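Morning, everyone. Please take a look at the model on the screen, and I will walk you through it.

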Amino acid sequence: MIRALLLSLALSTTAAAVQADPPRILDVKVRDSGMGWKISVTIEHEDTGWDHYVTGWEVLDEAGNRLAYRELHHPHVAEQPFTRSLHSVTVPDGTRKVYVVAHCSNDGGTSEPYKVKLKR
């Protein structure tokens, strides 16, 4: 299932790349916080303003189900790369890895999925 998701994301990224570079996830840090996970994502993107910027990022399980979403409410033109976090992300028991994908306002462009191993 994750292979189909990754292929779908890769194809949409390729199509979006014709018009603009997609966001690029540089790093993901995860920390078990007891009641969930703190996930911090560092993203690089050529935000140009309100017409073209990173709109958010999501955490997916291996089947492609969304576990969490971090919406970004404004462009980060002068702050590159930038890091934003989510707290208390619930991950089903037994989950060993998740994927993070960033989204862009330009034609729905997406980053390459970034695989993260979870260790308790």
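**The core, the strands and the salt bridges**

Start inside. The largest nonpolar core holds 20 residues. Those with the most contacts within this core are Ile39, Val41, Ile43, Trp57 and Val100. Which strands supply it? At least two residues of this core come from each of β1 (24-32), β2 (37-44), β3, β5 (82-89) and β6. The biggest giver is β2, with four residues.

One caution before we go on. This is a predicted model.

Now step back to the whole chain. How many helices and strands does the protein chain have? One helix and seven strands. Follow the sequence, and the pattern reads α-β-β-β-β-β-β-β. The protein chain has 120 residues, and 42% of them count as buried. The accessible surface comes to about 6900 Å². Carbon and sulfur atoms account for 50% of that surface.

Next, contacts along the chain. Take those in the protein chain with a separation of 6 or more. Of these, 56% are between residues 24 or more positions apart.

Let's zoom in on β6. Is this strand enclosed or not? Seven of the eight residues of β6 are buried, so the rest of the structure largely encloses the strand. What does β6 pair with? One partner is β3: the two strands run antiparallel and are joined by six bridges. Another is β7, residues 114-117. Here the pairing with β6 is also antiparallel, over four bridges.

Valine 100 is a good residue to follow here. You met Val100 in the list of residues with the most contacts inside the core. On the β3 and β6 side, valine 100 is the bridge partner of valine 59. Towards β7, valine 100 stands opposite tyrosine 114. What else does valine 100 touch? Leave aside its neighbours within four places in sequence. Then the contacts of valine 100 include Ile25, Val28, Val41 and Trp57. Glu58, Ser111, Glu112, Pro113 and Val116 are among them too. So are Val59 and Tyr114, the two residues I just named.

Now the charged side chains. How many salt bridges are there? The count comes to five. I will show you three.

First stop: lysine 97 and glutamate 62. Their side chains meet in a salt bridge, at 3.7 Å from N to O. Where do these residues sit? Lysine 97 lies in strand β6 (residues 97-104), while glutamate 62 is in the loop between β3 (54-60) and β4 (66-71), so the pair ties together parts that are 35 residues apart in sequence. Buried or exposed? Lysine 97 is partly exposed, because its relative accessible area is 24% and buried means under 20%. Glutamate 62 is partly exposed as well, with a value of 35%.

Second stop: aspartate 27 and lysine 29. This salt bridge has its closest N and O atoms 2.9 Å apart. Aspartate 27 has 25% relative accessibility, so this residue counts as partly exposed. Lysine 29 is at 54%, so this one counts as exposed. The cut-off for exposed is over 50%.

Last stop: glutamate 79 and arginine 84. They form a salt bridge too, and here the closest N and O atoms are 3.1 Å apart. Glutamate 79 counts as partly exposed, at 35% relative accessibility.

To recap: a core of 20 residues, a largely enclosed β6, and five salt bridges. Thanks for listening.

Note on methods
Residues numbered from 1 in each chain as written. Predicted model: local features only at pLDDT ≥ 70, side-chain atom pairs only at ≥ 80, totals over all residues. Heavy atoms only, no water. Salt bridge = Lys/Arg side-chain N within 4 Å of Asp/Glu carboxyl O. Buried < 20%, exposed > 50% of the residue type's maximum accessible area, 1.4 Å probe, protein only. Core = buried A, V, L, I, M, F, W, Y, C linked by side-chain atoms within 4.5 Å. Contact = heavy atoms within 4.5 Å. Areas by Shrake-Rupley, 256 points an atom, 1.4 Å probe, with all protein chains shown as cover. Pairing = 2+ DSSP bridges.
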